[in-house]
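I opened a fresh page for this one and went looking for its hollows and its helix packing. Here are my notes, in the order I made them.

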Amino acid sequence: STFSQAVLVNSVTAILSGQVAQVAASQYGLVAPFDLSIVACCCAAFLISSWWSENKGSEQAQTGDSSALLRDAVRELSNDPVLLLAGLTQSLFEGAMYCFVFIWTPVLENVATDIPHGQVFACFMACAFIGGSLSTSVTKWQHPVIALRYVFFSSSAILLASAMVPSKTVVTVCFFLFEVAVGLFWPLFGMYRSEVIPEALRSTLMNVFRVPLNIFVVCVLSNLKSLSESS
């Protein structure tokens with residue numbers, strides 16, 4: 001339930017942020033949402049410094065022996081292929097998600113005009129909220145691993161449909177459904193990750209798989225113009 005609640009709170013915050021950003025952009029120009037984000041970041045920094053106690057982690061993390069943690073993480077990966085699959089799964093799905101983040105605007109602009117980007121973003125986050133809300137019921141029906149298979153297969157079909165049918169209605173509905181899948185993914189994968197990845201090495205292992213993810217993101221950003229034109 002903790003993972004589900006985290007997704008829900010994050011989604012509600014994002015929904016409100018999208019609406020506020022749309023109002024700010026309409027009233028004060030496109031730069032106004034970025035100015036408001038400075039205020040939001042300052043508020044977050046104050047709340048974190050005031051109420052968020054530091055999680056020290058393992059003894060090695062407390063002593064600052066990051067090289068030992070990295071060696072242990074690599075050893076665990078070589079000994080347990082399940083960890084490798086778990087990390088690659090998260091990296092690949094996040095890669096698809098970030099690619100969606102980069103190109104949803106030009107794709108919608110190709111099939112529609114005068115798009116209220118802030119409100120569309122708020123709708124995306126509402127869909128993620130719905131997905132997060134469904135995760136508790138889904139886990140009562142299936143183990144997170146089985147449920148994640150349905151999430152991956154449905155996400156692939158949804159994105160394929162949005163690419164094959166250049167219709168405003170179809171593309172918009174597909175994007176909303178993909179965000180529902182994203183909302184389902186986070187709590188489901190969080191539960192699965194807590195089962196298979198040792199807590200002492202969890203953050204280190206996940207950071208290892210941030211490397212291929214970041215490489216993918218850089219490649220997408222480097223070719224964003226061509227991707228947007230081809231979309």
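**Entry 1: the cavity.** I began with enclosed space, and the largest cavity has a volume of about 30 Å³. For my own record, I worked on a 1 Å grid over the protein atoms alone: a cavity is a set of points where a 1.4 Å probe fits but cannot get out, a pocket is an open set with protein on both sides within 12 Å along at least five of seven lines, and lining residues have an atom within 4 Å of a point. Grid points are joined across faces, edges and corners, and a volume is the space filled by probe spheres set on the points. I found one cavity of 30 Å³ or more in the structure. Its lining is made up of G87, Q90, S91, E94, M206, F209, R210 and L213. The elements giving two or more residues to that lining are α5 (81-111) and α10 (210-222); helices (H or I, at least four residues) and strands (E, at least two) are DSSP runs, numbered from the N terminus. I noted α5 as the source of the largest share, four residues. Sorted by class, the lining has three nonpolar, three polar and two charged residues (Ala, Val, Leu, Ile, Met, Phe, Trp, Tyr, Cys and Pro count as nonpolar, Asp, Glu, Lys and Arg as charged, and the others, Gly among them, as polar).

**Entry 2: how far to trust it.** This is a predicted model, where local features need pLDDT of at least 70, side-chain atom pairs count only at pLDDT 80 or more, and totals for chains, interfaces and linings use all residues. Residues are numbered from 1 along each chain as its sequence is written, and side-chain values use heavy atoms, with hydrogens and water left out. The mean pLDDT (the predictor's confidence in each residue, from 0 to 100) is 86, and 91% of the residues reach 70 or more. I looked up the extremes by element: helix α3 (residues 59-62) has the lowest mean, 51, and helix α7 (residues 144-164) the highest, 94.

**Entry 3: the neighbours of α5.** I turned to the two helices that share the cavity lining. The axes of α5 and α10 come within 9 Å and cross at roughly 25° (axes are lines fitted to C-alpha atoms, for helices over the stretch in contact, and angles run from 0 to 180 degrees between N-to-C directions). The pair is therefore roughly parallel (under 35 degrees; over 145 is roughly antiparallel, 65 to 115 roughly perpendicular and the rest oblique). Their crossing is right-handed (the near helix is turned clockwise from the far one by less than a right angle; anticlockwise is left-handed). With helix α8 (residues 168-196), α5 has axes that come within 11 Å and cross at roughly 160°, which means the two are roughly antiparallel. That crossing is left-handed, and the contact has 21 nonpolar, three polar and four charged residues.

**Entry 4: the pocket.** What volume does the largest pocket have? I read about 940 Å³. Of its 20 lining residues, S17, G18, A21, P33 and F121 are the closest to the centre. I credited α1 (2-28) with the most, nine residues. The lining has twelve nonpolar, eight polar and no charged residues.
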